Amino acid sequence: MSDGHRMLTVLLFCAVVVATLAITSWAGRGRRGSAEEFFAGGRLFSPLENGFAIAGDYMSAASFLGISGLIALYGYDGMLYSIGFLVAWLVVLLLVAELVRNCGRFTLADVVAARMRERPVRRALGTSSVTVSVLYLVAQMVGAGSLVALLLGTRDGLAHTVTVLVVGALMIVYVCCGGMRATTWIQIVKAVLLLGGAVALTALVLVRFGGDLPGLLSAAAERSGHGREFLAPGLLYGGGWTARLDFVSLGVALVLGTAGLPHILARFYTVPTARAARRSVVWAIGLIGGFYLMTIVLGTGAAALVGPEEVLLSDSAGNNAVPLLAAELGGGAGARAGAVLAALTAAVAGATILAVVAGVTLAASAAVAHDLYASLRSRRPRTDRGEIAVARAAAAVVGAVAVGLSLLAAQLNVAFLVGLAFAVAASANLPVLLYTLFWRRFTTRGATWAVYGGLVPALALVVLSPVVSGSAHALFPGLDFAVFPLENPGLVSVPLGFVAGWLGTVTSRERPDAARHAETEVRALTGAGAA
Amino acid sequence: MRNDDPWSAALPARALPTEALPARALPTEALPAEEGGHRAATAAPAVASVPPVPPGSVPAVSSASPAGCADIYLTVQRSAAFQRVRRRHRAFVLPAAAAFLLWYLGYLVLATGAPGLMAREVAGVLNVGMVAGLAQFATVFLLTWAYARHARLRRDGPALELRWETQDMTRVAARHADVPADGTAGAARGEGPR
């Protein structure tokens, strides 16, 4: 990348940052300062707006650059990822979205606390929500650091460190100054930019091939050097049975984890009714599904037009496939149009990262202020003002912790970190949520056991996995205490979460509270008394 | 977009009479929506007569005494109308969720465990794996459409009806219990430590 083009990329990045800050200050105008406003954006977003915001929250830079890069390098196996990410939304739509909207106010713990003893439940779910959010944040920020270094064409650690610090500072500013309203608008703008960019590039690829999709696939297969194997599974996950089992584990974590991600659940509180929550998920599924279909075209297009050698040369994980494809479509990196397209793609990826980290930070700060802080404090009634002040401080602390961890974990694989966040969400948050909504006999002890019984095994299995020790690219390559063979714990820890919840319920002496179960069930299905 | 949702116009915290009126004026809405509009129009003045409450609290449910509310929710839960709504919800949601999770898991296991089968060609460059993958996308879109349609036609109307009935009952209970309808008590309920 030449200096002039690098300058263009930096300028576009700055434009994105200025635009998001403008949104923040605009959304912050005339705020009433209530908790409703800060955590849920006043609950007045329309299904269309919220659908775009959900899509913006969900489609991270990892999907845009990572998945299309994987498709460019490994063909079919890259597609397996996108299918897992999309199918997950059926769990959200069918089992979670409407019921959560009707039962809760700001966080996941609200739903469970409506039926159970409040303090232990809030403490457990607050802890697991913050853990999931921090893992997810670290994944996004590590990704941001390497991405920016990659797009600017520098390989030194300084660019990575500076990027992580700048992204961390910006996300704290968005959340503290703008709350949910600013975060939502940033997501919407980002989703429009991302989808617009994807549509434009997809159209250019299709025009290049004259709309001949089989021709595109054949060309990609031919240039990939794998022939027809490129279009069938096995290139990436075709190794031993451990690798295959590992991918099944990741698939389970992806599909069940989405419904337990705190920042996704928080999005349902920004619309007025359960019906609006359902319609926003329908919008989101349409947008996300369309986007992942486009990544298939982009990935195979990069394989066919750029070629895997050049993609690998730029970045061994394939993350640079789409910017390279954009440059190629514009007439090559030397041409002005190619450089502009590549810079635009990079700027969209930057907007993507900023928006996702803002959403996750807000969810984490809500979990701290609304759940953890509230459960630790004395029984004095809470005030909105106090809760928001705590949330702002929590956003700063969570942001700082995430920045610190991201600098430490700079060498870890981003896809692994994202998979880990999904696995912890699926193990710790989903069982308790489903039991609360669908099981009459569920008790407080069952709820806390379900959370800790999923959270602790998930984290422990990661510590005992080859990611931390015992392999060449582990966190501690010198040590070897890797007794668990899989990198992703989902296949074991998700069932453990469900079993722990069941065990805790059948062993507890506490009778399930029939009246509060009735209240939860009636409110969940009818919306009576919903916040 | 915001105002075509009959529920949003009918929310007690926001249902100012002026907002509720257009909903009643719409003549050709679907039946459930029209019911919602009328309900909102009739319920709004009752809400408006309650002393001002802080934004976000729910006057209808929260101002009742907890004991009265618990009885009301138990009564509603046992009612035939609610049982029907719950049956319709579960009869769709649980089998559908089980079916697509099995279908996805089967696809995942086949793709990782039997790549040979997935590589078998069907037509041109299309192989079994490609068809199965695209079928996953199709399943998601189809099930989304089916669920949204089922919920809209079979569940939204009765659920909305139950919502107003429940909220009317809690409001009446609150009046009988002679609990002052102040919003601070309401704000504590459903969010604060009990």
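## Questions on a predicted complex

Colleague: Over residues 181–194 of chain B, how many contacts beyond four places in sequence does the model have?

Modeller: This is a predicted model. Over residues 181–194 of chain B, pLDDT stays under 50. Where pLDDT is low, the predicted coordinates should not be read in detail. With that caution, the model's count of contacts beyond four places in sequence for this stretch is 32.

Colleague: In chain B, which helix has the highest confidence?

Modeller: The mean pLDDT of chain B is 68, and 56% of its residues reach 70 or more. Confidence is lowest in helix α2 (residues 17–25) of chain B, at a mean of 35. Over residues 1–65 of chain B the pLDDT is below 50, though this stretch has 125 contacts beyond near neighbours in sequence. At the other end of the scale, with a mean of 93, stands α6(B).

Colleague: What ipTM does the predictor give the complex?

Modeller: The predictor gives two scores for the complex. The pTM is 0.86. The ipTM is 0.91.

Colleague: What is the pattern of chain B, read along the sequence?

Modeller: Chain B has nine helices and two strands. Of its 194 residues, 37% count as buried. Read along the sequence, the pattern is α-α-α-α-α-α-α-β-β-α-α.

Colleague: Which element gives the most to the side of chain B that touches chain A?

Modeller: In all, 60 residues of chain B are in contact with 59 residues of chain A. Elements giving two or more residues to this side of chain B include α5 (66–78), α6 (80–113) and α8 (128–177) of chain B. The one that gives the most, with 18 residues, is α8(B).

Colleague: How many residues on the side of chain B that touches chain A are nonpolar?

Modeller: The residues on this side of chain B divide into three kinds. Seven are charged and 16 are polar. The nonpolar residues number 37.

Colleague: Which helix gives the largest share of the largest nonpolar core?

Modeller: This core has 234 residues. Among the members that touch the most others are A:Trp89, A:Ile288 and A:Ala302. Leaving aside neighbours within four places in sequence, A:Ala302 is in contact with residues including A:Ser68, A:Ala72 and A:Leu325. The largest share of the core, 25 residues, comes from chain A's helix α15 (residues 336–376).

Colleague: Is A:Arg105 buried or exposed?

Modeller: A:Arg105 sits in the loop between α5 (76–103) and α6 (108–113) of chain A. Its C-alpha atom is 8.3 Å from that of A:Glu36, 69 residues apart along the chain. A:Arg105 has 23 C-beta neighbours inside 10 Å. The cut-off is 20 or more, so A:Arg105 counts as buried.

Colleague: Why does A:Asn413 get its exposure class, and what is that class?

Modeller: A:Asn413 lies in the loop between α16 (384–408) and α17 (414–438) of chain A. A:Val397 is 16 residues apart from A:Asn413 in sequence and 24 Å apart in space, C-alpha to C-alpha. Because A:Asn413 has 17 C-beta neighbours inside 10 Å, its class is partly exposed.

Colleague: How far apart are the end C-alpha atoms of helix α20 (residues 514–526) of chain A?

Modeller: At 1.5 Å a residue, the 13 residues of α20(A) should span 18 Å. The model agrees: the end C-alpha atoms are apart by 18 Å.

Colleague: How many of the 13 residues of α20(A) are buried?

Modeller: Buried residues in α20(A) include A:His517, A:Val522 and A:Leu525. Just after α20(A), A:Gly527 takes a positive phi of about 85°. The helix α20(A) is mostly covered, and its buried residues number 10.

Methods
Residues are numbered from 1 along each chain as its sequence is written. Chains are lettered from A and ligands numbered from 1 in the order in which they are written. This is a predicted model: local features need pLDDT of at least 70, side-chain atom pairs count only at pLDDT 80 or more; totals for chains, interfaces and linings use all residues. Two residues are in contact if their C-beta atoms, placed from the backbone, lie within 7 Å. Helices (H or I, at least four residues) and strands (E, at least two) are DSSP runs, numbered from the N terminus. Ala, Val, Leu, Ile, Met, Phe, Trp, Tyr, Cys and Pro count as nonpolar, Asp, Glu, Lys and Arg as charged, and the others, Gly among them, as polar. A nonpolar core is a set of buried Ala, Val, Leu, Ile, Met, Phe, Trp, Tyr and Cys residues joined through C-beta atoms within 7 Å. A residue is buried if 20 or more other C-beta atoms lie within 10 Å of its own, exposed if 12 or fewer, and partly exposed in between; C-beta atoms are placed from the backbone. pLDDT is the predictor's confidence in each residue, from 0 to 100. The expected span of a helix is 1.5 Å times one less than its number of residues.
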